[in-house]
Amino acid sequence: MPGSKHAIAAELFNADEPRTNWHDETLWFVRQKRDKAAHLIPDWEALREAASQIKNHTLSNLDDYLTAFEARARSNGVTVHWAADAAEHNEIILGIIRKHGIERIVKSKSMLTEECHLNDFLAKQGVQVTDTDLGECIVQLRKEPPSHIVLPAIHLKKEDVSDTFHEHLGTEKGNISPEYLAAAARSYLRNKFVHAQLAITGVNFAVAETGAVVVCTNEGNADIGVHAADIHIACMGIEKVIPQTKHLGVFLRLLARSATGQSITAYSSHFSKPVKGKEMHIVIVDNGRSTQLGRSDFRNSLKCIRCAACFNTCPVYRRSGGYSYHTTVAGPIGSILAPNLDLKAYSDLPFSSTLCGSCTNVCPVKINIHEQLWKWRQEVTKHGYSGKGKTIIMNLMAGILSSPVLYRVSGKLARWTMRHLPFLMKSKQFNLWYKQLEMPEAPAQSFTEWYKSNIK
Amino acid sequence: MKVGLFVPCYVDQFYPGVAIAAMQLLQKLGVAVEVPLQQTCCGQPMANSGFAHLTNGCDRNFIKNFSGFDYIVCPSGSCVLHIREHLLDKKDPGKAGIIRKKVYEITEFLTDIMKIKQLNAFFPYRVGLHASCHGQRGLHLSSMSELMAPPFSKPEHLLSMVRGIEICTPARPDECCGFGGTFCVFEEAVSVKMGKDRVADHLHNQVEYITGADMSCLMHMEGILKRANSPVKVIHLVEILNSSCHAGE
Amino acid sequence: MKTREKILAAVRNNKPVQTGLPAINFHFDINGNLLKQFRNSLTASGAESVLGSWRQFRKHYEDQRMIYPSICNQVTSLDKTDSSVAGKNAAELAAIEICYLEGEFGVAENGAIWVSGRNMSNRLLPFICQHLVLMVRVDSLVGDMHEAYDMITTAREDYGGYGVFIAGPSKTADIEQSLVICAHGPLRLPVWIVEAEKV
């Protein structure tokens, strides 16, 4: 049976067991920090419920909130752009760059710009962007995408960072001290900040009431970039809008605790008006979100505030890594967002899960992730992407299991085969299950056979 | 109280002892247990693989076998969850609806319906308690480490009535074992890794047995234990609860 | 305008049935001591805090002014504020060794201090200077983020187009989860909590 993209990548990932253990333990530790922080908030579950309801309400009035947000932002002197898809988003940004003859650009973390492959697009146009979040800076130098939406370089060890910085920033070979490496990044990036002409940021929350965008960072790299440069472009998906300033109280209390276990990030920045003489732009992007909004089973995945708590708790993500999901936003939330964009390409992702349900429990906005994973599995089959072999087997199973006679006969045959022809079952070629674990013993009698002969 | 015993297909075929223990335990507690003999499978393997539309046959057979009981009791959290959430009969939705309300996993049946306070059971061993995901998060058999709520555990509550037992909880109290149905075949590498990690977590507590309310999880961990030539055995919760006389007493 | 209309039409078409907004009625338990909770939160965020009188704070400022020629004051009640920074670029501002800013209020729940654009002549100041001294008055402290946003929304005046909650120094754990303080921004961030004047 040919393996799925995720399964093949996950197998490769697991080939290095010590490294898998390290990756798993590192992320589990982040999950534990989240638990510790949540335990200190007696209102935690009520806060989650409130956040979920605020987001549900917003989605049910999304057009009104988007237009209200746009109107306020415009009255604040901000230029608002709309992009239907990634290509349009990229062209808008390029347009602003060309208009002002910009050469020096810094960018703080924005998963949306990753989704739109902005850096690659601009590079092809001869425009370089420096990612200033330390984790993103590291992966950018390595020409890799981020593997985690909050901790982009979580898959890398100190030695990897040291090698990268030695190659690109001229740091001492073999010096793996995090303070030394961070200091090197600090001075490299400070130089970029100080000369930046354009700062691109993401948006954590866009407040309809005031037209403000809120950006949360631990490094302050969004702020330095924006205030040093002359032009600020904030990129947001349509689902980032929230109704009122007071709702920020709920979301900011949940976001950092869910993401890293901190009570709040070092900087929670509210940008509403550009300084006189400078420009501020907001690009509002659809890129499949309005389609997802129309899917009643999947629309509440749009409530996501990109905290990655689901990544950290997912036993599969921890043991397969972000790259095995072959999509910008990985993990459990990515597995219910990506199929909306391209069901065929991402048909493996809903199956990269045991449906344990832990993700749903940690989601600060109560997205029923594991239930959506199950529902996407039905969609995969409905659209014909389940694979011929699997479809044949499933049809066979359904036939056998719905007939008492066939069920009993097959069961007996299977057990007989296991007991008398063990080599068949024990062939790692035929029986994938047997690769790394022993099969159960095959009893001579099933329960119903025992019952008939002993009880009836 | 008319109780029908719902025997998971893989328990019927590979772990009949679990069904025997479930039946005997209920009978000891004064319950008249009937076993519909034409039952097959709840349909979960197909449904979780994206083929829920093929489960009509299983659904109809289930409804046929289990209509007319006051309670339908099953020693498997995942099968019960599947029936509760997905049992459907388009021709007679009412009937399916009634059954969905009557199906219980055996642990919750014993604590919530029968409300048993004591058991005549004896199992003098160190036992690791595995919290199977569907039973825990789906049926709420116990509190969950992710949720901020008062702790409780129906399985542990029942096990605490067993004389001589020493219950151990692993460091990661409710991480998934990795079985996941067809996941164990289609994502074999991660599935096994998860199982190995679960087993190692239990073994840290130097347990002699690993138990839980779902034989599928235990089957997965048993496969790993046997491949590693470990003396540690798996045993279903009902088998412990049913153990009134044990060698050594 | 075409894209805008297309997106809004799709949203209008696809949005779910109306649901209402919940009441926001949450409080963080400060254990009866706002100041203590605030200081504990500051410590947890990696910030040093000093509790003192206005006189002590002023003395601290005057001592620093003698040491650092390029001191930049933005606290109006402390000394004349330096408004020349408004026109300076990042490279020029980077030379500032020590900057004094007043936070409008502090949040006990998490040690965050609200610094608004109204209280500084250049928004880059809190990030670019070598040392940042943030001052906040004891009687301005609030318990949690809900109260914080009440303060912000009832402050009639827009917060000057830019406001930021600063909770401790810049930090990162991006290098194998090792926490490094002062990733960017100031190398030191002492927070002065100034007590109310005793009558």
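1. In this predicted model, strand β9 of chain A (residues 267-271) and strand β7 of chain C (residues 162-166) run antiparallel and are joined by five bridges. Within that pairing, Ser269(A) has Val164(C) in β7(C) as its bridge partner.

2. The strand pairing belongs to the contact between chains A and C, to which chain A contributes 92 residues and chain C contributes 64 residues. Two pairs of chains touch, and of these the pair of chains A and C has the most contacts. The area buried between chain A and chain C comes to about 6,400 Å², with 61% given by carbon and sulfur atoms.

3. As for polar interactions, six salt bridges are found across the interface of chain A and chain C, and one salt bridge brings together the side chains of Glu70(A) and Arg4(C), at 2.7 Å from N to O. Across the interface of chain A and chain C there are also 32 residue pairs in polar contact, both residues being at pLDDT 80 or more. On the side of chain A that touches chain C, the residues comprise 44 nonpolar, 27 polar and 21 charged.

4. Chain A is also in contact with chain B, through 81 residues of chain A and 67 residues of chain B. About 6,400 Å² is buried between chain B and chain A, and carbon and sulfur atoms account for 63% of it. In chain B, the residues that lose the most area to chain A are Leu37(B), Met148(B) and Arg227(B), which together make up 12% of what that side buries.

5. Between chain B and chain A the count of salt bridges is ten; the side chains of Arg319(A) and Asp197(B) meet in a salt bridge, with an N to O distance of 2.7 Å. Residue pairs in polar contact across the interface of chain B and chain A number 35, again with both residues at pLDDT 80 or more. Helix α11 of chain B (residues 188-203) gives the most to the side of chain B that touches chain A, namely eight residues. That side of chain B divides into 35 nonpolar, 18 polar and 14 charged residues.

6. Chain B and chain C, by contrast, are joined by no contact, and their closest C-alpha atoms are 16 Å apart.

7. Taken by itself, chain B contains 13 helices and eight strands, and its C-alpha trace spans about 55 × 45 × 40 Å along the principal axes. The radius of gyration of chain B is 18 Å, which agrees with the value near 18 Å that a compact globule of 249 residues would have.

Technical notes. Residues numbered from 1 in each chain as written. Chains lettered and ligands numbered in written order. Predicted model: local features only at pLDDT ≥ 70, side-chain atom pairs only at ≥ 80, totals over all residues. Heavy atoms only, no water. Contact = heavy atoms within 4.5 Å. Buried area = accessible area lost by both parts, 1.4 Å probe. Salt bridge = Lys/Arg side-chain N within 4 Å of Asp/Glu carboxyl O. Polar contact = N/O pair within 3.5 Å; in protein donor to acceptor, adjacent residues only side chain to side chain. Nonpolar A, V, L, I, M, F, W, Y, C, P; charged D, E, K, R; others polar. Pairing = 2+ DSSP bridges. Helix = DSSP H or I, 4+ residues; strand = E, 2+ residues; numbered from the N terminus. Rg over C-alpha atoms; globule rule 2.2 N^0.38 Å.
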